[in-house]
Protein chains: 2
Amino acid sequence: MRAINPANGKSFGPEFFCSTRAQLEAMGESAIDAVDFLADAPGAQIAGFLDDYAVRLEGDRAQLSVLAHEETALALVPRLSEVEFNRMTFQLREAANCLRDESWREIARDEKNNMRATLVPLGGAVLCVGPSNFPLAFNGISGGDFCAAIAARNPVIAKAHPGHPNTSARLFAHACAARDGARLPAAALQMFYECAPDDGVALLGHAGVAALGFTGSRASGMRLKAVCDGLGKPASLEMSSVNPVFVASGAAEARAQTIAESWVSSLLLGGGQFCTKPGVLLVSGLKAADRVCARAAELMRAAPSVVLLTDAVRAHLAGSIEDLRRAGVHPICGGRETSPGFRFEPTLMSVDAAQARELRALVMAEAFGPLGVIVCVEDDAQLVDFARALDGQLASTIISDPSDSATRAKLMGILRFKAGRILDEAMPTGVAVSPAMVHGGPFPATGDARFTAVGLPSAAKRFSKALCLDRVR
Amino acid sequence: MRAINPANGKSFGPEFFCSTRAQLEAMGESAIDAVDFLADAPGAQIAGFLDDYAVRLEGDRAQLSVLAHEETALALVPRLSEVEFNRMTFQLREAANCLRDESWREIARDEKNNMRATLVPLGGAVLCVGPSNFPLAFNGISGGDFCAAIAARNPVIAKAHPGHPNTSARLFAHACAARDGARLPAAALQMFYECAPDDGVALLGHAGVAALGFTGSRASGMRLKAVCDGLGKPASLEMSSVNPVFVASGAAEARAQTIAESWVSSLLLGGGQFCTKPGVLLVSGLKAADRVCARAAELMRAAPSVVLLTDAVRAHLAGSIEDLRRAGVHPICGGRETSPGFRFEPTLMSVDAAQARELRALVMAEAFGPLGVIVCVEDDAQLVDFARALDGQLASTIISDPSDSATRAKLMGILRFKAGRILDEAMPTGVAVSPAMVHGGPFPATGDARFTAVGLPSAAKRFSKALCLDRVR
């Protein structure tokens, strides 16, 4: 396997090899050796590794960002070299803070009974499988799951995403240098690039692997979930979400233009390849919905083609659009691949309420890329019905005016159980790194609505185990 | 189905009917109606229900305890009427406190970003399936899972255990009176007694059921886990554990007699039907192990037959002993059913290290009832090897003298990843209701090592969902 520049479709850089089952099992075996060291090391030592890693990354900011740009075609400035880069180093430092202040442990003391409850590491590595769309801040070797796993003192085995192997290799080199500088064992951090699916399953079954951190497609996530469920190993799975935006009739009537504008702008961020992309906009009131569609179409037509992350993303997007079209969803603009590389036109489609109800699974299926679907519903009662029928989501936005307060209240009452995050007005694409963030949501958006993948110390809990020391000397 | 008095094997009391699928689905449907009410009610209103429920139970302490005694043959005094009864009412009041102080919500605020994270209810009922062995404090309609589910503001659908339907019905009557007194909706609490297995699965799949709280056998737990995993619904599963006790050589040599005594006494508590029963005692040093065996045998021979909870428990115990015997595990005393009712002799078996390694799955399998197995190992190195090969456990005890400090340290280092609770010296049967308790442990002891089933507010987290209110008005 070699990297491909999505902007021109050409391979570049060195060959990355597929790891054999024996190599993966050796990684699992090695991880066991690092478990006790990480569990017992002074927090400051592991924190020192993370801080030094962040410093080393910052020293290589320009080249790392360019490399990530070449592999993903995501915007170099400000997206990769500033926003995502800073998010990555901030998260590493947050994890270091967690290790220093022990906040991730959630210690509870009971002096009377001479008992103490604390979270501890899992006793094996976390297999961190990162996504295509955040080569830095969600990379298996530098991103959110990595930080959470290390904050809870677990070894990490990262699987580099095939969409950015060179970026991952470069990150890993810095990680290893920082690890060695901090005198952590080599097996604290391991990485591989590719494996046969069955061998990945075997690795999950290895005694040296205690948990999975996965961000990616629903299809892959569901396969891995079944494996982990069978093994009884915890899996943090971020799988899919269309993050619907509900526009109540008053707001739609009063602000059709600006709503269309903020939606399209959020939709196209990162080429429409955010897991929090607001893929579906539900607008109450047919006249207002027409105006939203018209303005959104203007903007989408005026926007340049997007370079998608990989050919697989492009194929999936094209397939999704074809499925929608065949089912009778109305194409408004876009819909075609362009060249060079993995380009695709911004694509807008619309559907009425009756059709959308019938085609719910299709309309509500995540598709990475610059595709937006507007569901034109007749009134707020229909809007509320759509909320009620929703599957689990990462996030959902309500757009409402003071005259919509009854509708807003109904939507809030429903969406609190359907989405990990609810927003008034704001589009869902911005995910602040904060202890008050919930980047999670009910199945099938994630595997478990009780956890968040962003925001320490709570995100570290995913990769921990509860322990009570009961009358221990 | 009618209740059976385990002390004489005779049926008594009214007939309880098997609920049809339509009846169960109607329960799921009804639960949906109670969701918003419970989510939005003042905490004090739900807390008032719990406090009143506790008061009503205390007013009926004598009759409830006698009924539970007739159905389970567990000791009336102090076990049922004092210890377990007080545990039940204490937990109800702890849940009321959680609702008043909102501690279960784990609120995190971020003023700068105008964000707030909070746990919320699940948006559907928790199906609470209680075990046979705690008819009060773990009953699906009054026990730990019930308290946790209500503390997190979820409706409850309880399945009464067939071992104590009359106790459950009487508890439910008090619960309903308190519920009506507090003006909670009827569907906040529902209960059924029996159903076809497929209909139970259908109920789990109903949109009105959001989670499962199960305490029971590994076989049933694994079936229900597969169902919930497939549905993507959270399940709290407490399944099985032998809670091994590790006796290091110095302590074994110095204190063989007293170790045998405290082990046998813990083992026989509640007829050996505690989920925290120390079913396996591993003793380092063959001479000391012989002395432990001899003293334990004396005590077991002197102890009266135990009345088991149900005929199924007796059949399972007899089968386990037969399996061990056939495999070559040495029977020391007991092993026979006695009469009247579901009686069984206290039974001691022993096995050497080589055999125990070979028969690990058999020796380490939970069996309710007065069965204890002593594993006689040659030295502390073997003891440590057994710890390393252990499956997930609820609890594990280390018995050591100052001369055993190196062995103790090794065992602690291993057991912290294997058990939800570690004890020095103390037998694992006492499970304090405390925020510092962890009654949980790695799979297959439970379904998820990150949670505890005892100790509020943390136990409530099992039945909650994370929600971020992001720039919400």
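Two strands count as paired if DSSP finds at least two bridges between them. With that in hand, a good place to start in this predicted model is strand β16 of chain B, residues 347-352. On one side, β16(B) pairs with strand β13 (residues 330-333) of chain B, running antiparallel to it over three bridges. Within that pairing, B:C333 has B:L348 of β16(B) as its bridge partner. β16(B) also pairs with strand β17 (residues 371-377) of chain B, this time in the parallel sense and over six bridges. Here B:M349 stands opposite B:V373 of β17(B). As for burial, five of the six residues of β16(B) are buried, so the strand is largely enclosed by the rest of the structure. As a reminder, side chains in a regular strand alternate between the two faces of the sheet.

Over in chain A, A:G328 sits in the loop that links α11 (311-327) to β13 (330-333). Its relative accessibility comes out at 34%, so A:G328 counts as partly exposed, given that the partly exposed class lies between the 20% and 50% cut-offs. A:G328 and A:L359 are 31 residues apart along the chain, and their C-alpha atoms are separated by 9.2 Å.

Now for how the two chains go together. Chain B lands on chain A with an RMSD of 0.0 Å after a rotation of 180 degrees, with 0.0 Å of shift along the axis. The two copies are thus related as by a two-fold rotation axis. Both copies use the same surface, too: 100% of the contact residues of chain B recur in chain A. Of the chain B residues, B:D229 comes closest to the rotation axis, its C-alpha lying 3.3 Å away.

The interface itself involves 62 residues of chain B in contact with 62 residues of chain A. Between them the chains bury about 4800 Å², and 56% of that is on carbon and sulfur atoms. On the polar side, the rule picks out 30 residue pairs in polar contact across the interface, both members at pLDDT 80 or more. The salt bridge count between chain B and chain A is ten. One of them joins B:R421 to A:D470, with the closest N and O atoms 2.6 Å apart. Turning to the elements, those that give two or more residues to the chain B side of the interface include the helices α1 (21-40), α8 (218-231) and α15 (405-415). Also among them are the strands β3 (108-110), β4 (115-120), β19 (419-424) and β20 (465-470) of chain B.

Note on methods:
Residues are numbered from 1 along each chain as its sequence is written. Chains are lettered from A and ligands numbered from 1 in the order in which they are written. This is a predicted model: local features need pLDDT of at least 70, side-chain atom pairs count only at pLDDT 80 or more; totals for chains, interfaces and linings use all residues. Side-chain values use heavy atoms; hydrogens and water are left out. Copies are superposed by least squares on the C-alpha atoms of residues with pLDDT of at least 70 in both. Contact means heavy atoms within 4.5 Å. Buried means under 20% relative accessible area, exposed over 50%, partly exposed in between (1.4 Å probe, protein chains only). Helices (H or I, at least four residues) and strands (E, at least two) are DSSP runs, numbered from the N terminus. Buried area is the accessible area (1.4 Å probe) that two parts lose on being put together, summed over both. A salt bridge is a side-chain nitrogen of Lys or Arg within 4 Å of a carboxyl oxygen of Asp or Glu. A polar contact is a pair of N or O atoms within 3.5 Å; within protein, one must be able to donate a hydrogen and the other to accept it, and residues adjacent in sequence count only if both atoms are side-chain atoms.
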